[in-house]
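Here is a short report to read alongside the coordinates. Have the viewer open, and we will go from the overall dimensions down to single side chains.

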Amino acid sequence: HLTISQAGSQGANLILSSTGTGINALKITTTAGGLDISVTCNAANEDVNITTVVAATERRISSISDKTDAIFMDATNAAGGIDINAGPGGIAIDTDAGGAISIDANGAASNFTVTADGANEHLTISQAGSQDANLILSSAGPGVNALQITTTAGGLDISVPGNAANE
């Protein structure tokens with residue numbers, strides 16, 4: 001074993017640093033076995049922070065695992081959550097061919113909102129590809145307004161080509 005430690009409960013730090021200029025100026029590698037980072041935090045600001053401080057530096061998380069949870073994030077505390085914020089570059093979620101996307105909420109009202117601050121900032125929900133596939137909006141709610149389509153300004157257009165019987 002090789003152990004590098006800061007022992008004792010005084011206000012001290014263990015700092016690994018590099019002033020190297022290579023693309024891997026500080027690298028931690030295992031060739032067998034895993035890597036665990038564990039932090040016991042009880043006070044404010046005792047967080048785990050991984051920060052890039054130069055605009056041209058990206059943070060990449062990747063895995064070549066063939067498991068369904070190859071990258072897994074979990075906020076296990078009942079009051080915990082996961083907050084993702086992005087600048088004007090936005091957020092892109094893509095899957096390879098055959099990869100599904102599922103976004104589910106359990107026991108809480110939810111929304112997907114685009115707040116437009118200019119013209120042509122549309123929200124499009126579409127089923128693309130000329131296959132026997134559907135876009136399905138459904139509700140299991142028993143109320144008189146279980147499924148609503150509302151506009152606060154403007155109209156509503158529904159267009160279908162109607163090429164087959166009963167379309």
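## Overall dimensions

The radius of gyration of the protein is 25 Å, whereas a compact globule of 167 residues would have a value near 15 Å. Please keep in mind that this is a predicted model. Along the principal axes, the C-alpha atoms take up a box of roughly 75 × 35 × 35 Å.

## Secondary structure and contacts

How many helices and strands does the protein have? The count is zero for helices and zero for strands.

The contacts can be read next to that result. Take the contacts between residues at least 6 apart in sequence: 0% of them join residues at least 24 apart.

## Burial and surface

What share of the 167 residues counts as buried? The figure is 0%, where buried stands for under 20% relative accessible area. The exposed area of the protein comes to about 16900 Å², and 50% of it is supplied by carbon and sulfur atoms.

One feature to display on this surface is a nonpolar patch of about 820 Å². Its members are Met-73, Ile-82, Ile-84, Ile-91, Ile-93, Ile-101 and Ile-103. Why does Ile-103 count as exposed? Its relative accessibility is 75%, and the exposed class begins over 50%, so Ile-103 belongs there.

## Salt bridges

Side chains of opposite charge can pair when their charged atoms come close. In this structure there are two salt bridges.

One of them links Arg-60 to Glu-58, with 3.4 Å between the closest N and O atoms. Arg-60 counts as exposed because its relative accessibility is 68%. The other pair is Lys-67 and Asp-66, whose side chains meet at 3.6 Å, N to O. Both Lys-67 and Asp-66 are exposed.

## Backbone angles to check

If you like to look over torsions, two asparagines are worth a click. Asn-45 has a phi near 70°, which is a positive value in a residue other than glycine. Is Asn-45 buried or exposed? With 72% relative accessibility, Asn-45 counts as exposed.

Asn-120 also has a positive phi, near 65°, and is again a residue other than glycine. The relative accessible area of Asn-120 is 65%, so this residue is exposed.

Terms used: Residues are numbered from 1 along each chain as its sequence is written. This is a predicted model: local features need pLDDT of at least 70, side-chain atom pairs count only at pLDDT 80 or more; totals for chains, interfaces and linings use all residues. Side-chain values use heavy atoms; hydrogens and water are left out. Patches are made of residues with over 30% relative accessible area and no salt bridge: like charges are joined within 9 Å, nonpolar side chains (Val, Leu, Ile, Met, Phe, Trp, Tyr) within 5 Å. Accessible areas come from the Shrake-Rupley method with a 1.4 Å probe; for residues, only the protein chains shown count as cover. A salt bridge is a side-chain nitrogen of Lys or Arg within 4 Å of a carboxyl oxygen of Asp or Glu. Buried means under 20% relative accessible area, exposed over 50%, partly exposed in between (1.4 Å probe, protein chains only). Helices (H or I, at least four residues) and strands (E, at least two) are DSSP runs, numbered from the N terminus. The radius of gyration is taken over C-alpha atoms; the globule rule is 2.2 Å times the number of residues to the power 0.38. Contact means heavy atoms within 4.5 Å.
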